[in-house]
Amino acid sequence: MDFLNITLLTASNWEQWKVEIRVLLLHYGAWQFIEESKTEPAETSEDSKTRVPGTSETSEVASAKQVLSWREEYDLKLRKDHSYTLIYQSLGPEFKPLISQTTDGAEAWHILKKHFEPTTRARVIQLLDEFFNTRFETGEALGLFLCHVKQGAERLRKIGHQLQPLYQGYQMIRSLPAEYQSIVQTIYWWTDAEFQPDKIESELLLEENRLRLTRKDLDTVSSIAFSNEMHQKEAGNYYKQDEKLKTRGSKVRRFKNKTSNVKNKQIGPCYFCKSYGHLIANCKHKAALSNPKTNESSNTEFKVKGAFSELESNLIETFPDSHEANSSDFGQNKAGSLTQLLLHIFAVIKVYIIVLNQLVICR
């Protein structure tokens, strides 16, 4: 058998389980056996054979017409048994022995009700405590809170303790938030005839609806204001970005103008060599003079050139042209010329040694 998914009965969920099992029995058409007395098919008897007044038929014939068919009797018994099986299958394991001695659904229901709803003073005190401890929770629907208050009062009424309207109305308005204080103060000024739970409930529900509309309007206004603010911020950011781009573009244009002016302008003159096309930092003449090896090589070259020039002058003086010499004096000056030639050779060798020394020093 397929059962709906309902909560099993425990020691603390009798009120919730009672509602769920009632709905389940109504679904299967078996709640009438719990709520009403037993429905039994009419039976014929010897006393029913008396004649019905005003008709020619006996009471036996009239009662025979009220007898159910076998199919209807089977369906009635099946639904009656169904009421017990549904109740039994929805109990927790610890409570099944309570109704295990019976197979009647109505009797099982009364056993469970007597166990969980005893009509004792302790039960009354327990329900009173639950009733006055009912509080409006933040975020809870006001209609649901008022329903809990009315259910608590109804449970007390069923066990014979009728609450006065003053207590019910006070419980409805005592724990409401600050936004309901205006209607609460108005209710306190009502007369005793007006201070009824039903009227208080209707006024509170109207106030809840008004507050909901007010919050909706405020949310709409705040959302519009927020969207406008965000739009202004976006517009401001776009303006700032545009200004930054413009400033950056102007800087780039000024830099390009400067570089183009520098390219078009002639560089110079150099303060060292007085020529154009370079500055003193890139002057080749200054770099050549500031290098000591270059100076030494130039000095060495000057010295070598000077030595060779001196040697050349000495040789010209020693060997004059042939048209200046006399053929008659050649024999007389032969010895002196040989001596001078040797001296000049030694001078050439000396100059050559000096030149080699200077070259070695320069390397």
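In this predicted model, the lining of the second largest pocket draws on several helices. Helix H1 (14-27), H6 and H7 each supply at least two of its residues. H7 gives the most to this lining, with 6 residues. The pocket has a volume of about 330 Å³. Its lining comprises 13 residues. Of these, Glu15, Val19, Gln151, Gly152 and Arg155 lie nearest the pocket centre. By class, the lining holds 7 charged, 4 polar and 2 nonpolar residues. Two domains take part in the lining. Domain 1 (1-36 + 71-117) and domain 2 (126-215) each contribute at least three residues.

The largest nonpolar core was examined next. This core has 24 residues. Leu142, Ile173, Leu176, Ile187, Ile200 and Leu204 touch the most other members. Five elements are each the source of at least two core residues: helix H6 (121-132), helix H7 (142-158), helix H8 (165-173), helix H9 (181-188) and helix H10 (197-264). H7 gives the most to this core, with 6 residues. H7 thus appears in both settings, as the top contributor to the core and to the lining of the second largest pocket.

Contacts were also listed for Ile200, a member of the largest core. Residues up to four places away in sequence are not counted. Ile200 touches Gly169, Met172, Ile173, Ile187, Trp190 and Phe195. Two of these partners, Ile173 and Ile187, are themselves among the core residues that touch the most other members.

A second core is separate from the largest one. This second core has 23 residues, including Ile6, Leu9, Tyr84 and Ile99.

Technical notes. Residues numbered from 1 in each chain as written. Predicted model: local features only at pLDDT ≥ 70, side-chain atom pairs only at ≥ 80, totals over all residues. Heavy atoms only, no water. Core = buried A, V, L, I, M, F, W, Y, C linked by side-chain atoms within 4.5 Å. Buried < 20%, exposed > 50% of the residue type's maximum accessible area, 1.4 Å probe, protein only. Helix = DSSP H or I, 4+ residues; strand = E, 2+ residues; numbered from the N terminus. Contact = heavy atoms within 4.5 Å. 1 Å grid on protein atoms, 1.4 Å probe; cavity = no way out; pocket = protein on both sides within 12 Å on 5 of 7 lines; lining within 4 Å. Points joined across faces, edges and corners; volume = space filled by probe spheres on them. Nonpolar A, V, L, I, M, F, W, Y, C, P; charged D, E, K, R; others polar. Domains from an automatic or database assignment.
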